[in-house]
Amino acid sequence: MEIRTLRYFLAVAREENMTRAAQLLHVTQPTLSKALRSLEEELGKKLFERHSFSISLTDEGMLLRDRAEDLVRMADKIEREFLTLDDIAGGDLYLGLGESFQIRYLARAIRSLKALYPKLNYHITSGDTEQVTEKLDKGLLDFAVICETPDQKKYHSLVFPEPDVWGVVMPRDCALAQKEAVCAEDLVGLPLFCSQQSWQNDIPRWAGDRMSALRLEGSFRLAYNSSIFVREGLGYLLTFDHLVNTSRESGLTFRPLSPRLETKLYLIRNKYQTFTPIAERFLTQIQAELHRGSGG
């Protein structure tokens, strides 16, 4: 199965039209049709449903689309890496990031690196631990930032200097905002927003035996989106401090949890991954930034 054929397949899947896909790929329609027929024969599965004026994917075609996108991204990444092996002026860096105010250390490292290597290009993917580690394991990322203890058998890790502090984001004028800190009992009966990962891993170790009395109204991967729902009066957001705008103009406020709940942030990389020159330089730079941040 050739990467070129997968590119053809993805173009047709995107356009849902053989003629438009052929035009975008700068190939003839018979060439494209022949390549797709060969792909179906090779896999022994029908990938497309052909209609009068369009094409749609079968269930098998949808599965291949997901796999093909990863394979093509990996092929592109390898090609760029080899093109920049001797380019000391830059290269491509791939990062998967969880949400934290401490991402500022990473941004500082990139800023310093960009000054030294102006041809540096960086590609940022945001997501929770499951999302970014999946891409890291597939080789689509050079580094990932996660907010749970990493698997030491799979990853090398660096810990960020400060813990992230948990609390509740709520409307500034609600009754709960009168408290200096929020305990689990205060949240019983209230509609709560939280990431699924944290609801399963972090909140139970804080709430203890009151966890069963708490109600998850909705789960969000991004704090900003959930803060919109809070602003509209739909619930209360459990999240890290400094992720949501809680200025007076925002109409929102943050109160820490009691007892205090903290989470450490980690920068991880695969133990057996071979780095590009620019990834090596980034590792040196971020190590220096984290060391400075810890007062070293």
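**Exercise 1. Classify L257 by its relative accessibility and place it in the fold.**

Step 1. L257 has a relative accessibility of 4% and therefore counts as buried. The cut-off for buried is under 20% relative accessible area. The model is predicted.

Step 2. Locate the residue. L257 sits in the loop that links β11 (252-256) and β12 (262-263).

Step 3. List its contacts. Leaving aside residues up to four places away in sequence, L257 touches W166, G167, V168, V182, W206 and L238.

Step 4. Compare sequence and space. From L257 to I286 there are 29 residues in sequence and 31 Å in space, C-alpha to C-alpha.

Step 5. Look along the loop. P259 also lies between β11 and β12. The peptide bond from S258 to P259 is cis, and its omega is near 0 degrees.

**Exercise 2. Work out the strand order of the five-stranded open sheet and find its edges.**

Step 1. Read the order. The 5 strands run β4-β3-β5-β13-β6, the sheet is open, and the pairing is mixed.

Step 2. Find the edges. β4 (119-126) and β6 (155-159) each pair on one side only, as edge strands.

Step 3. Add the twist. On average, neighbouring strands of this sheet are turned by 25 degrees against each other, direction ignored.

Step 4. Add the helix. α6 (residues 129-137) lies across β3 (90-97), β4, β5, β6 and β13. Its direction is about 160 degrees from that of β5. Angles over 145 degrees count as roughly antiparallel, so α6 is roughly antiparallel to β5.

**Exercise 3. Describe the pairing of β13 on both sides, then the burial of its two faces.**

Step 1. Take the β5 side. Strand β5 (residues 143-146) and strand β13 (residues 266-270) are antiparallel and joined by 3 bridges. Here A144 has I268 as its bridge partner.

Step 2. Take the β6 side. β6 and β13 are also antiparallel, over 5 bridges. On this side S157 stands opposite I268.

Step 3. Recall the rule for side chains. In a regular strand they alternate between the two faces of the sheet.

Step 4. Assign the faces of β13. Y266, I268 and N270 are on one side, L267 and R269 on the other. All of these are buried, and both faces are covered.

Step 5. Check the total. In β13, 5 of its 5 residues are buried.

**Exercise 4. Characterise the packing of α1 against α2.**

Step 1. Start with the axes. Those of α1 (residues 3-15) and α2 (residues 18-25) come within 8 Å and cross at roughly 130 degrees. That angle makes α1 oblique to α2.

Step 2. Give the hand. The crossing of α1 with α2 is right-handed.

Step 3. Name the residues. From α1 come R7, Y8, A11, V12 and E15; from α2 come M18, R20, A21, L24 and L25. By class, this contact has 7 nonpolar, no polar and 3 charged residues.

**Exercise 5. Compare E16 and H26 by loop, phi and accessibility.**

Step 1. Place them. E16 is in the loop between α1 and α2. H26 is in the loop between α2 and α3 (29-43).

Step 2. Read phi. E16 is not a glycine, yet its phi is positive, about 55 degrees. H26, another residue other than glycine, has a positive phi near 60 degrees.

Step 3. Classify exposure. E16 counts as partly exposed because its relative accessibility is 43%. H26 has a relative accessible area of 73% and so is exposed. The cut-off for exposed is over 50%.

Key: Residues numbered from 1 in each chain as written. Predicted model: local features only at pLDDT ≥ 70, side-chain atom pairs only at ≥ 80, totals over all residues. Heavy atoms only, no water. Pairing = 2+ DSSP bridges. Helix = DSSP H or I, 4+ residues; strand = E, 2+ residues; numbered from the N terminus. Axes fitted to C-alpha atoms, helices over the stretch in contact; angles between N-to-C directions. Contact = heavy atoms within 4.5 Å. Parallel < 35°, antiparallel > 145°, perpendicular 65-115°, else oblique. Left-handed = near helix turned anticlockwise from the far one by under 90°. Nonpolar A, V, L, I, M, F, W, Y, C, P; charged D, E, K, R; others polar. Buried < 20%, exposed > 50% of the residue type's maximum accessible area, 1.4 Å probe, protein only.
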